Amino acid sequence: MIKHIGIDLFGTLVDDNTAYAVLQQSKIELKILKEYGFDIDEEKYLSTLKKTLITFKNDVKGNISKHRTGTLVQHLLTELGFKIDSETSYTIHKKYLIELFKVIKLTPFFELFATYCKEDKISLHLLTNCSKEDLELLWVSFPHIKESFKTVYPSFLINKEKSDIQFYKDFFYNNNILPEEFLMVGNEDENDGKVTGLGSQY
């Protein structure tokens, strides 16, 4: 019997893909970069971004540092041939995240789903690979949903990401949860689906 449900943040709790598309259409990334002296051709930026997202994911797979605010920006600008320090890359990325959370939306079903779970005495847990800034901005944008979660378990605090099965082992142990009573809801097999190795559902 399922007594606990884990919810992923990006792509599950919130629709970040639509928000990214909105920001890309408004060219907000290029505007922010230009503010900091990085005047980049749009076509070159988009082609490099597409390539960088693939290489970045592979280069830092399993490395918790990839979720830190600024890491991707530094990686991208280096690929574009710029030199950038970690402080500036952090500032640029944080500014972008603020814009992102202005347009990001909750998945439509969530609030109704949370109500049903509460009535059925099923606990919800937010399990996410994210940065401290991601989580802070989530609560600023949607303060009313925080109480829906019994536990908030982010990778930046745990120093492990969900692709590491130890992430789930520690979560179960620290919260006295039996794996067979847990269901993970997410959109990435390599992260959210990892929990099936412990006997949980996904």
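Guide: On a 1 Å grid over the protein atoms alone, a pocket is an open set of points where a 1.4 Å probe fits, with protein on both sides within 12 Å along at least five of seven lines. A volume is the space filled by probe spheres set on points joined across faces, edges and corners. This is a predicted model: local features need pLDDT of at least 70 and side-chain atom pairs pLDDT 80 or more, while totals for chains, interfaces and linings use all residues. Numbering runs from 1 along each chain as written, and side-chain values use heavy atoms, without hydrogens and water.

Visitor: So what volume does the second largest pocket have?

Guide: About 300 Å³. Ala114, Lys118, Glu147, Ser148 and Phe149 are the closest to its centre, out of 16 lining residues (an atom within 4 Å of a point). Helix H6 (a DSSP run of H or I, at least four residues) gives the largest share, six residues.

Visitor: Why is the pair of phenylalanine 110 and phenylalanine 149 called stacked?

Guide: Rings pair if their centres lie within 6.5 Å, and planes under 30 degrees apart count as stacked. Here the centres are 5.5 Å apart and the planes at 15 degrees, so the label fits.

Visitor: What parts does this pair tie together?

Guide: Phenylalanine 110 sits in helix H6 and phenylalanine 149 in strand S5 (a DSSP run of E, at least two residues), so parts 39 residues apart in sequence are tied together. Both phenylalanines are buried (under 20% relative accessible area, 1.4 Å probe, protein chains only).

Visitor: How many aromatic pairs does a search of the whole structure find?

Guide: It turns up 10. Ring pairs also link Tyr153, Phe167, Tyr168, Phe171, Phe172 and Phe182 into a cluster.

Methods: Rings of Phe, Tyr and Trp (its six-membered ring) pair if their centres lie within 6.5 Å; planes under 30 degrees apart count as stacked, over 60 as edge-to-face and the rest as tilted. Buried means under 20% relative accessible area, exposed over 50%, partly exposed in between (1.4 Å probe, protein chains only).
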